[in-house]
Amino acid sequence: MFFGLTIEKLMLIGVIAAVLVGPERLPRYAEALAKFTKRAKETVQGARTRMRDEMGPEFDDVDWKKLDPRQYDPRRIIREALLDDTPTATMRAAGAAALAAREKTTVPPFVAGERPPFDDEAT
């Protein structure tokens with residue numbers, strides 16, 4: 001249930017509330033609770049209707065389960081990324097190409113006492 005409340009706990013809270021409120025005021029509080037529940041239901045229904053009006057016919061096509069943030073478990077995403085072979089093969093090929101390009105360009109070794117090379121574009 002909600003916040004660890006079970007049916008038994010809710011019933012106990014209801015019985016205690018009925019005893020504390022008393023038989024004289026209990027019908028008024030029950031009526032107020034019914035009105036509040038009805039207003040909350042109308043508010044939710046109004047929001048749903050307004051959302052459907054603003055989004056148009058695409059509202060019914062939306063896959064709400066796909067947009068649920070609870071499905072994004074970082075451990076699962078990382079596990080799937082590590083088990084997926086396609087990006088790894090692509091990354092290996094890109095790394096090999098970069099390594100081959102680096103081997104083609106030779107940088108002269110630095111000699112002590114000389115001024116080190118300075119790249120104006122890098123800083």
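**Close-up legends**

**View 1. Gly 22 comes right after helix H1, and its phi is positive, near 95 degrees.** What you're looking at is a predicted model, in which local features need pLDDT of at least 70 and side-chain atom pairs count only at pLDDT 80 or more, while totals for chains, interfaces and linings use all residues. Residues are numbered from 1 along each chain as its sequence is written, and side-chain values use heavy atoms, with hydrogens and water left out. Helices here are DSSP runs (H or I, at least four residues; strands are E, at least two), numbered from the N terminus. H1 has 15 residues and should span 21 Å at 1.5 Å a residue, which agrees with end C-alpha atoms 21 Å apart; the expected span is 1.5 Å times one less than the number of residues.

**View 2. A nonpolar patch sits on the surface, formed by Ile 7, Leu 10, Met 11 and Ile 13.** Together they offer about 390 Å² of accessible area (Shrake-Rupley, 1.4 Å probe; for residues, only the protein chains shown count as cover). Patch members need over 30% relative accessible area and no salt bridge; nonpolar side chains (Val, Leu, Ile, Met, Phe, Trp, Tyr) are joined within 5 Å, like charges within 9 Å. Leu 10 belongs to H1, residues 7-21. With 35% relative accessibility, Leu 10 counts as partly exposed (buried is under 20%, exposed over 50%, partly exposed in between; 1.4 Å probe, protein chains only).

**View 3. Lys 35 and Glu 31 pair up through their side chains in a salt bridge, 3.7 Å from N to O.** The rule asks for a side-chain nitrogen of Lys or Arg within 4 Å of a carboxyl oxygen of Asp or Glu. Lys 35 and Glu 31 are 4 residues apart in helix H2 (residues 26-55), so about one helical turn separates them. Lys 35 is partly exposed at 48% relative accessibility, and Glu 31 is partly exposed too, at 46%.

**View 4. Arg 75 and Asp 73 make a salt bridge, with their closest N and O atoms 3.4 Å apart.** Arg 75 counts as exposed at 61% relative accessibility, whereas Asp 73 is partly exposed at 25%. The salt bridge count comes to 2.

**View 5. H2 runs up to Gly 56, the residue that follows this helix with a positive phi near 80 degrees.** The 30 residues of H2 should span 44 Å at 1.5 Å a residue, and the end C-alpha atoms are 43 Å apart, which agrees. Mean confidence is highest in H2, at 91, and lowest in helix H4 (residues 85-104), at 64; pLDDT is the predictor's confidence in each residue, from 0 to 100. Where pLDDT is low, don't read the predicted coordinates in detail.

**View 6. Zoomed back out, the chain has 4 helices and 0 strands.** The pattern along the sequence is α-α-α-α. Just 2% of the 123 residues count as buried. About 12000 Å² is exposed, with carbon and sulfur atoms supplying 64% of that. The chain's average pLDDT is 80, and 79% of residues score at least 70.
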